[in-house]
Amino acid sequence: MPATWHVGEPVTRAIAVLEAIHPPQVDLLFAPPHPGVRTTATQAAPSSVTNLRLRKFIKWVNEHCARYGHDDAIPDVDGRPWHLHTRQFRRTLAWYIARRPGGAIAGALQFRHHSIQMFEGYAGTSDSGFRAEVESEQALSRGEHYMAMIDAHEHEGLAGPAADEAERRLADFGHRARFQGQVVTDQRRLQRILKRHDPAVYPGEFVTCVHDHPKALCEKARRGRSEQLPDHGGCKPLACRNVTLTQDNIAAWLRVLERIDRRLAAQPALPPLRDRRMRARREEVIDFLVANTPEGTIP
């Protein structure tokens with residue numbers, strides 16, 4: 001079964017370069033781009049060959065930087081060139097996915113792990129500290145997101161049932177994160193402030209969760225998980241009272257309505273049961289937006 005991978009812009013650019021290197025008749029990205037390697041155009045290069053190319057690439061980058069006076073060469077490790085392997089890229093990708101809101105769920109899907117806990121413990125056991133590192137990075141990412149919202153006064157224009165609470169929490173956090181009129185830019189200080197005064201506001205694509213554990217309807221809360229964290233994967237945004245909406249969240253819901261309308265108008269028509277469910281979903285979303293957003297939000 002074909003696998004679907006979600007990648008960032010640098011990966012997309014790298015794939016485009018690989019496609020340009022190979023002749024049109026070669027369908028493999030990692031086929032050898034030149035003769036002299038023990039593979040053919042119909043056989044992908046093994047990891048050992050790719051690792052060798054990575055080491056040659058490091059050497060080329062450093063020679064190029066030395067020749068033209070650039071200061072962004074790849075540094076040595078313990079006095080020797082970095083011994084790079086393909087598996088290190090996989091671990092790095094996991095790190096960046098985990099930092100994103102809802103990243104543990106996305107990472108488990110991306111890496112075909114059987115559970116979120118497996119992804120959280122990726123590259124070692126739970127004793128490796130990876131989960132704690134991920135949670136620390138997620139908190140830092142949220143802190144940076146909070147500061148961006150506060151600086152743009154976005155926390156003053158929220159909608160939804162928890163909007164007032166979100167504004168209060170973020171305003172308090174912004175007050176604590178400023179010192180003598182200056183905004184915190186030091187990550188260590190921001191982490192200390194988060195540890196003591198985390199507003200527990202979790203940004204997501206469709207909602208921003210202003211987490212209050214007793215009110216939460218998501219799976220982690222219902223099962224009494226000890227960490228008392230929200231679960232975007234089990235979120236019930238149309239019913240939960242912890243929901244607030246940013247302008248980006250509202251725009252995401254409007255895109256949902258557009259997709260539903262296009263599908264309902266498309267031919268061939270949907271089967272009756274699916275049609276009824278989709279129309280019911282559309283009405284639920286509209287009722288939710290009418291009740292929780294300024295008048296005129298829905299075209």
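Buried residues account for 34% of the 299 residues in the protein chain, and the model they come from is a predicted one. The secondary structure of the chain adds up to 11 helices and five strands. As for how the chain folds back on itself, 54% of the contacts with a separation of 6 or more are between residues 24 or more positions apart.

Helix α10 is a good place to start. This helix covers residues 247-265, 19 residues in total, and spans 27 Å from its first C-alpha to its last, close to the 27 Å expected at 1.5 Å a residue. Its buried residues are Asn-249, Ile-250, Ala-252, Trp-253, Leu-254, Val-256, Leu-257, Ile-260 and Leu-264. A bit of helix geometry is handy here: with 3.6 residues a turn, residues three or four places apart in an α-helix point the same way. What do the buried residues of α10 pack against? Their partners are two strands, β4 (208-210) and β5 (243-244), plus helix α11 (272-292).

The nonpolar cores come next. The largest one has 18 residues, and the members touching the most other members are Val-243, Leu-245, Trp-253, Leu-257, Phe-288 and Leu-289. Both α10 and α11 supply at least two residues each, and the largest share, seven residues, comes from α10. Leu-289 shows what this looks like at the level of a single residue: once neighbours within four places in sequence are set aside, Leu-289 is in contact with Trp-253, Leu-254, Leu-257 and Ile-298. There is also a second, separate core, made of 16 residues, with Met-147, Ile-150, Leu-194 and Val-210 among them. In soluble globular proteins, nonpolar side chains tend to be buried together.

On to the sheet. Three strands make up an open sheet, in the order β3-β4-β5, with antiparallel pairing. Strands β3 (201-203) and β5 sit at the edges with a single partner strand each, so one side of each has no neighbour in the sheet. The antiparallel strands β3 and β4 are joined by three bridges, and Pro-203 has Thr-208 in β4 as its bridge partner. Helix α7 (residues 163-176) packs on this sheet and touches β3, β4 and β5, with its direction at about 80° to that of β4.

The aromatic rings tie some of these pieces together. The structure holds three aromatic pairs. In one of them, Phe-206 and Trp-253 have ring centres 5.1 Å apart and planes at 55°, so this pair counts as tilted. The two residues come from distant parts of the chain, 47 residues apart: Phe-206 is in the loop between β3 and β4, while Trp-253 belongs to helix α10. Is each partner buried or partly exposed? Phe-206 is partly exposed, because its relative accessible area is 27%, whereas Trp-253 counts as buried, at 3% relative accessibility. Ring pairs also bring in Phe-288, giving a cluster of Phe-206, Trp-253 and Phe-288. Trp-253 and Phe-288 have already come up as members of the largest nonpolar core.

A few backbone oddities deserve a look. Most residues other than glycine have a negative phi, and most peptide bonds are trans. Asp-78 is not a glycine, yet has a positive phi of about 55°. This residue lies in the loop between α2 (47-68) and α3 (86-99) and is exposed, with a relative accessible area of 73%. Ala-200, also not a glycine, has a positive phi of about 55°. Ala-200 is placed in the loop between α8 (187-197) and β3, and its relative accessible area of 18% makes it buried. Finally, the peptide bond from Gln-267 to Pro-268 is cis, with omega near 0°; Pro-268 is found in the loop between α10 and α11.

One more loop residue rounds things off. Lys-215 lies between β4 and α9 (219-222) and is partly exposed, with a relative accessible area of 48%. How far apart in space are Lys-215 and Arg-241, C-alpha to C-alpha? The distance is 6.6 Å, for two residues that are 26 residues apart in sequence. Neighbours within four places aside, Lys-215 is in contact with Cys-240 and Asn-242.

Methods. Residues are numbered from 1 along each chain as its sequence is written. This is a predicted model: local features need pLDDT of at least 70, side-chain atom pairs count only at pLDDT 80 or more; totals for chains, interfaces and linings use all residues. Side-chain values use heavy atoms; hydrogens and water are left out. Helices (H or I, at least four residues) and strands (E, at least two) are DSSP runs, numbered from the N terminus. The expected span of a helix is 1.5 Å times one less than its number of residues. Buried means under 20% relative accessible area, exposed over 50%, partly exposed in between (1.4 Å probe, protein chains only). Contact means heavy atoms within 4.5 Å. A nonpolar core is a set of buried Ala, Val, Leu, Ile, Met, Phe, Trp, Tyr and Cys residues joined through side-chain atoms within 4.5 Å. Two strands pair if DSSP finds at least two bridges between them. Axes are lines fitted to C-alpha atoms, for helices over the stretch in contact, and angles run from 0 to 180 degrees between N-to-C directions. Rings of Phe, Tyr and Trp (its six-membered ring) pair if their centres lie within 6.5 Å; planes under 30 degrees apart count as stacked, over 60 as edge-to-face and the rest as tilted.
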